[in-house]
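Me: I would like to go through this structure and check the terms used for it. Please set each value against its cut-off.

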Amino acid sequence: MNQEDIYKLLSEVLDPESKRDLVSLGVVRRVECSNESISLQIELSSENPEVQSDLRSQISSLLRQKTAELALRRVPELDLEFTTVGEKPNPLPLVRSVIAVGAGKGGVGKSTVSVHLALALARMGRKVGILDGDIYGPSLPTMLGLEEIPPKIDGNTIIPFEKDGLKIVSIGRLVEPEKALVWRGPMAHGAFRQLALQSDWGELDHLIVDLPPGTGDVPLTLAQLLPLTGAVVVCTPQKVAQDDARRAIRMFQQLGVSILGVVENMSGFTAPDGTTIDLFGRGGAEDMAASMSLPFLGRLPIHPELAARGDTGEPASCHDIEGLGGTLQSLGEAFDHRIRMAERGEDRPTLVIR
Ligand code: ADP
């Protein structure tokens with residue numbers, strides 16, 4: 001039984017007072033699970049014992065059903081902790097907004113888009129940090145040319161790299177990348193937590209978190225750890241890519257994280273002679289965003305310099321290339337507009353699709 005199973009299960013448990021499910025209420029504070037035991041922390045608005053016993057019996061009965069479905073030998077032991085609402089202290093009080101960048105699958109350009117959105121905001125004068133949350137395949141060290149710079153740790157505090165006006169933290173410079181690849185569940189959770197909370201981010205307007213692709217543990221950890229302003233989902237124009245992106249979008253929505261927008265990457269290719277070739281088609285991600293009533297932030301074409309300068313650690317210089325620079329800046333402006341709306345609370349209510 002994994003975290004996703006448990007979140008699905010909790011999305012069927014109704015709070016007897018509000019008649020809404022626990023996941024969309026955003027009251028699930030901790031989920032730790034294995035086939036043997038499940039430990040949950042749920043935050044309630046009152047200490048009403050009837051509510052607690054109602055929730056306990058709903059969860060137990062769904063857990064029995066799930067055990068049968070998965071043909072497990074016995075029902076996992078349930079450790080259910082109820083806490084009452086208190087203002088949860090923000091662990092990063094100097095960071096104004098935290099934004100996740102996710103994708104349904106790898107290779108769609110999630111890290112490329114994260115870096116260029118961060119750079120575009122920095123060029124608008126914002127203080128921006130970027131956290132390489134892709135702990136299974138950290139690519140920011142190469143993409144931002146950090147390999148030659150020695151990492152700095154001060155006691156228990158990680159000092160972010162500073163480059164092109166960004167503060168950057170990546171697991172890729174703290175452990176051997178091959179080691180991170182085998183991490184799962186609790187270790188990934190712990191590593192991510194440390195990177196996010198033990199880094200000296202200082203005062204930031206925006207912290208962009210480049211998540212691992214897919215719908216694994218790290219987005220859940222992030223949503224439990226930090227108050228997220230929202231998420232951006234990167235998608236390529238193909239139909240199959242959209243199906244994966246929809247899953248990532250639903251995951252954010254189930255975690256109560258609003259979608260700031262969808263970016264279509266690798267949207268057509270403009271050859272040096274000016275002819276445009278739609279390698280993977282165009283507009284698919286925009287249609288998907290429209291069909292899910294989500295904002296569309298814009299398209300980024302395939303541009304050889306995006307790949308080349310990402311390989312040599314000089315992505316910032318892409319913003320000065322004629323045509324491409326303008327595209328990146330408009331994407332950044334659309335992003336900035338959506339962040340401001342979310343900060344003012346104008347992006348709600350979020351459409352929750354199951
Ligand atoms: P992900 O983070 O989704 O795995 P990356 O951002 O690492 O994807 O991109 C994968 C590869 O594709 C990289 O080599 C990157 O430089 C290249 N790439 C991504 N987007 C573009 C683009 N719009 N034009 C050209 N190359 C791109």
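Me: What makes up the shell around the ligand by class: how many nonpolar, polar and charged residues?

Reply: This is a predicted model. The shell has seven nonpolar residues, seven polar and one charged. In total 15 residues surround the ligand, and among the closest are G107, G109 and S111. Glycine counts as polar in this scheme, so G107 and G109, both in the shell, fall in the polar class.

Me: Which elements supply the shell around the ligand, and which gives the most?

Reply: At least two residues each come from α4 (110-123), β12 (259-270), β14 (296-302) and α11 (304-311). The most come from α4, with three residues.

Me: How do you know that T112 makes a polar contact with the ligand?

Reply: A polar side-chain atom of T112 lies 2.6 Å from an oxygen atom of the ligand. The cut-off for a polar contact is a pair of N or O atoms within 3.5 Å, so the T112 pair at 2.6 Å qualifies. Backbone atoms take part as well: a polar backbone atom of G107 is 2.8 Å from a ligand oxygen, and a backbone N or O atom of K110 lies 2.8 Å from an oxygen atom of the ligand. Of the 570 Å² that the ligand exposes when taken alone, the protein buries 80%.

Me: Why is helix α8 called largely enclosed?

Reply: Helix α8 covers residues 217-225, and seven of its nine residues are buried, so the rest of the structure largely encloses it. The buried residues are V218, P219, L220, T221, L222, Q224 and L225. Buried here means under 20% relative accessible area.

Me: Why is T236 called buried?

Reply: The relative accessibility of T236 is 4%. The limit for buried is under 20%, so T236 counts as buried. T236 sits in the loop between β11 (228-235) and α9 (239-254). Its side chain is joined to that of Q238 by a polar contact of 2.7 Å. Beyond its neighbours within four places in sequence, T236 is in contact with V108, A241, Q242, N265, M266 and A285.

Me: What makes M266 partly exposed?

Reply: M266 has 22% relative accessibility. Partly exposed lies between the 20% and 50% limits, so M266 belongs there. M266 is in strand β12, and its phi is positive, about 60 degrees, although M266 is not a glycine.

Me: Where does D164 lie, and why is it called partly exposed?

Reply: D164 lies in the loop between β8 (161-163) and β9 (166-170). Its relative accessible area is 36%, and with limits of 20% and 50%, D164 is therefore partly exposed. Phi of D164 is near 50 degrees, a positive value in a residue other than glycine.

Me: How do you know that L14 is partly exposed, and what does L14 touch?

Reply: L14 has a relative accessible area of 40%, so L14 is partly exposed by the 20% and 50% limits. Its place is the loop between α1 (3-10) and α2 (22-25). Leaving out residues up to four places away in sequence, L14 touches K19, R20, D21, D54, L55 and Q58. The C-alpha atoms of L14 and D54 are 9.2 Å apart, with their positions 40 residues apart along the chain.

Me: Where is confidence lowest in the protein chain, and where is it highest?

Reply: Confidence is lowest in helix α6 (residues 177-181), at a mean pLDDT of 59, and highest in α4, at 98. The chain averages 89, and 93% of the residues score at least 70. Where pLDDT is low, the predicted coordinates should not be read in detail.

Note on methods. Residues numbered from 1 in each chain as written. Heavy atoms only, no water. Near = heavy atom within 4 Å. Polar contact = N/O pair within 3.5 Å; in protein donor to acceptor, adjacent residues only side chain to side chain. Areas by Shrake-Rupley, 256 points an atom, 1.4 Å probe, with all protein chains shown as cover. Helix = DSSP H or I, 4+ residues; strand = E, 2+ residues; numbered from the N terminus. Buried < 20%, exposed > 50% of the residue type's maximum accessible area, 1.4 Å probe, protein only. pLDDT = per-residue confidence, 0-100. Contact = heavy atoms within 4.5 Å.
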